[in-house]
Amino acid sequence: MHRMMTTRAIAFAVLGGSAVLIGGLALSGSPVKVRAIEAARVAKASVATPVAKVPPKPVAVAAEDPADAYVVKRVLNVPEPLRHGAYYWDTEGVPEGPIVITVDLVAQTLSIFRSGYEIGTAAVIYGADEKPTPLGVFKITQKDAHHVSNLYGAPMPYMMRLTNDGVSIHGSALMDGKYATHGCVGVPTAFAKLIFEQVKLGDRVIVTSGEMLERGGRITAA
């Protein structure tokens with residue numbers, strides 16, 4: 001222990017009675033005289049013996065529970081009842097993650113969640129009595145930004161197909177509560193484009209009748 005302290009003390013140079021910090025140790029008090037030959041030996045040793053750099057140990061990061069992505073962490077602040085043709089959209093600060101879309105036919109609204117955060121919502125038009133929008137859990141099986149219905153010849157911009165018989169989410173220019181679709185879910189075209197850019201094939205769409213989601217609740221059907 002005494003030998004180690006003597007060797008490390010050589011690494012200090014005290015000028016004019018003030019201490020200089022070298023190598024993480026401080027020295028104060030009276031000046032210390034160091035012989036030139038000892039100082040040279042220390043300097044040579046410090047050059048000849050490189051210090052091995054030890055890579056930092058990786059920090060373990062706990063993996064997110066996949067089910068946690070389906071817990072509602074945020075709902076958008078909508079200050080007034082949604083009108084047909086209106087929508088809200090906000091992705092600021094929202095992490096990437098699974099997409100789930102919910103449609104409530106009673107409330108006539110669609111919500112899109114990413115990692116449990118609602119990033120968009122809008123009023124919808126949906127299927128009339130003779131062509132009702134089906135309830136259930138569906139997967140997006142096709143995307144077509146410039147789709148035209150082969151049954152009715154109507155444009156269906158930003159179409160996201162839900163069923164093989166043509167039910168889909170798509171943009172609609174006729175966003176008014178007095179209009180109905182042939183089973184599809186119609187949203188404002190600008191809003192449909194935003195959804196279209198977020199979703200991928202296989203993402204889920206849950207169509208319900210009067211089921212409400214609240215913060216902290218789980219989107220169990222996903």
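Let's start with T181 and what surrounds it. Leaving out residues up to four places away in sequence, T181 touches I125, Y126, G127, A128, K131 and G186. This is a predicted model, so keep that in mind throughout. The T181 side chain also reaches the backbone nitrogen of G127, at 3.2 Å. Where does T181 sit? In the loop between β8, residues 168-172, and β9, residues 185-188. Is T181 buried or exposed? Buried: its relative accessibility is 12%, and the cut-off is under 20%.

Now step back to the whole chain. The protein chain has 3 helices and 10 strands. Along the sequence, the pattern reads α-α-β-β-β-β-β-β-β-β-β-α-β. There are 222 residues, and buried ones make up 32% of them. Take the contacts with a separation of 6 or more: 59% come from residues 24 or more positions apart. The accessible surface is about 14,100 Å², with 58% of that belonging to carbon and sulfur atoms.

Next, the sheet. It is open, it has 6 strands, and the pairing is mixed. The order is β1-β4-β3-β2-β10-β5. Why do β1 and β5 each have a side without a neighbour in the sheet? Because β1, residues 87-89, and β5, residues 136-139, stand at the edges, each with a single partner strand. From one strand to the next, the twist averages 20°.

Look at the β5 end. β5 pairs with β10, residues 204-208, in the antiparallel sense, over 4 bridges. V137 has I206 in β10 as its bridge partner.

What lies across the sheet strands β1, β2, β3 and β4? Helix α3, residues 189-198, running at about 35° to β1.

That brings us to the packing. In general, nonpolar side chains in soluble globular proteins tend to be buried together. Here, the largest nonpolar core has 27 residues. Those with the most contacts inside it are I101, V103, L110, I169, I195, V199 and V205. Which elements give two or more residues to this core? β2, β3, β4, β7, β9, α3 and β10. The largest share comes from α3, with 4 residues.

One core residue up close: V103. Again leaving out residues up to four places away in sequence, V103 touches T109, L110, V185, V205, I206, V207 and T208. There is also a second, separate core of 5 residues. Among its members are V72, V100, I206 and I219. So I206 turns up in three places: as the bridge partner of V137, as a contact of V103, and in that second core.

Definitions and conventions: Residues numbered from 1 in each chain as written. Predicted model: local features only at pLDDT ≥ 70, side-chain atom pairs only at ≥ 80, totals over all residues. Heavy atoms only, no water. Pairing = 2+ DSSP bridges. Axes fitted to C-alpha atoms, helices over the stretch in contact; angles between N-to-C directions. Contact = heavy atoms within 4.5 Å. Buried < 20%, exposed > 50% of the residue type's maximum accessible area, 1.4 Å probe, protein only. Polar contact = N/O pair within 3.5 Å; in protein donor to acceptor, adjacent residues only side chain to side chain. Core = buried A, V, L, I, M, F, W, Y, C linked by side-chain atoms within 4.5 Å. Areas by Shrake-Rupley, 256 points an atom, 1.4 Å probe, with all protein chains shown as cover.
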